[in-house]
Amino acid sequence: MATIFIVDDDQAIGEMLSLVLENEGFRTVTCMDGLRAVEMFPTVQPDLILLDVMLPGLDGTEVARRIRETSNVPIIMLTAKSDTLDVVAGLEAGADDYVPKPFKVAELLARIRARFRIARPVAADGEESGGGNANAARGETNHLERGAIVIDRLEHTATKHGKDLNLTPMEFELLFVLAAAAGEAISRSTLLKKVWGYENSGDTRLVNVHVQRLRAKVEDDPENPQIVQTVRGIGYKFVTPEV
């Protein structure tokens, strides 16, 4: 049973989310204070975190930053400030996605399930634990070798020159999707659909910030990217690095 750590100082929201998520088969742990959440994290060992931006003790952005120092657990930010720099700050700190308040429960559940699909290893027979895999059904490979970069979905590993890139599940999936179409420009809207699971248009800041985070790990010089390149007016493309 997957554990979801709910960090929100609004007791009513925390109780509502616990009830909904437990009815969906998840185990939940709640916390109303940012500093306490950081202290509890090693004991709780959650599979996903729902993290409010505005918290006493430490704000959500700082909580995400501290957790990312030791863990790649998926983090979904809950924010009432979707039109401010708080969203970008949370993403830069390590959050994978965000849901603005007030939110629809069905939308939040869809985002949670999407994060688990990305984090779940794909079996050799094309099955995930708990469901099928569309990529395997289409006959797409789970193993890519692109010059110095090797990516394996089964093992959930990504290396460059044999060194682990230490990617979060979201960064891993973004790299895989780009590398699978090496040399081709992929639009931000397509990446939102393939990586985040957005069926309709979404916030392209998710793509832009995650590309920045990915570049920091795969590029020799992130300020002059040679592997994950910007295609002006379209999106991004993967250029195979030399071995």
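These are my notebook entries on a predicted model.

**Entry: Asp52**

I began with the annotated site. UniProt, in an unreviewed entry, places "modified residue: 4-aspartylphosphate" at Asp52. I looked up its element and found Asp52 in strand 3, residues 48-52. Is Asp52 buried or exposed? Its relative accessible area is 5%, so I noted Asp52 as buried, the cut-off for buried being under 20%. Next I listed its contacts, leaving out residues up to four places away in sequence. Asp52 touches Val7, Asp8, Asp9, Gly60, Leu78 and Lys101.

**Entry: strand 3 and its partners**

I then took strand 3 as a whole. Five of its five residues are buried, so strand 3 is largely enclosed by the rest of the structure. I checked the two faces separately. Leu48, Leu50 and Asp52 lie on one side, Ile49 and Leu51 on the other, and all are buried. Both faces are therefore noted as covered, since each of these residues counts as buried.

Which strands pair with strand 3? Strand 1, residues 3-7, pairs with strand 3 in the parallel sense over four bridges. Strand 4, residues 75-79, also runs parallel to strand 3 and is joined to it by four bridges. I followed Leu51 across both pairings. Val7 of strand 1 stands opposite Leu51. In strand 4, the bridge partner of Leu51 is Met77. I also noted that Val7 is among the contacts of Asp52.

**Entry: helix 4**

Helix 4 covers residues 85-93. Which of its residues are buried? I found Val87, Val88, Gly90, Leu91 and Ala93. I looked for what covers them. The cover includes helix 3 (60-68), strand 4, strand 5 (97-100) and helix 9. Strand 4 is thus met again here, having been listed above as a parallel partner of strand 3. Just after helix 4 I checked the backbone at Gly94. Gly94 takes a positive phi of about 130 degrees.

**Entry: residues 141-240**

I moved on to the second annotation. UniProt, again from an unreviewed entry, lists residues 141-240 as "domain: OmpR/PhoB-type". Over this range the chain is 35% helix and 24% strand. The end C-alpha atoms are 17 Å apart.

**Entry: the sheet of strands 8 to 11**

I traced an open sheet of four strands with the order 8-9-10-11 and antiparallel pairing. Strand 8 (143-146) and strand 11 (163-164) stand at the edges. Each has a single partner strand, so one side of each is left without a neighbour in the sheet. I looked at one pairing in detail. Strand 8 and strand 9, residues 149-152, pair over four antiparallel bridges. Arg146 stands opposite Ile149 of strand 9.

**Entry: helix 7 and helix 9**

What does helix 7 lie across? Helix 7, residues 169-180, lies across strand 8, strand 9 and strand 10 (157-160). It runs at about 115 degrees to strand 9.

I then looked up helix 7 against helix 9, residues 205-218. Their axes come within 10 Å and cross at roughly 85 degrees. The two helices are therefore roughly perpendicular to each other. From helix 7, I listed Met170, Glu171, Leu174, Leu175 and Leu178. They meet His210, Val211, Arg213, Leu214, Lys217 and Val218 in helix 9. By class, this contact has seven nonpolar, one polar and three charged residues. Helix 9 also appears in the cover of the buried residues of helix 4.

Notes
Residues numbered from 1 in each chain as written. Predicted model: local features only at pLDDT ≥ 70, side-chain atom pairs only at ≥ 80, totals over all residues. Heavy atoms only, no water. UniProt positions renumbered as here; feature names shortened; annotations may be inferred. Buried < 20%, exposed > 50% of the residue type's maximum accessible area, 1.4 Å probe, protein only. Contact = heavy atoms within 4.5 Å. Pairing = 2+ DSSP bridges. Axes fitted to C-alpha atoms, helices over the stretch in contact; angles between N-to-C directions. Parallel < 35°, antiparallel > 145°, perpendicular 65-115°, else oblique. Nonpolar A, V, L, I, M, F, W, Y, C, P; charged D, E, K, R; others polar.
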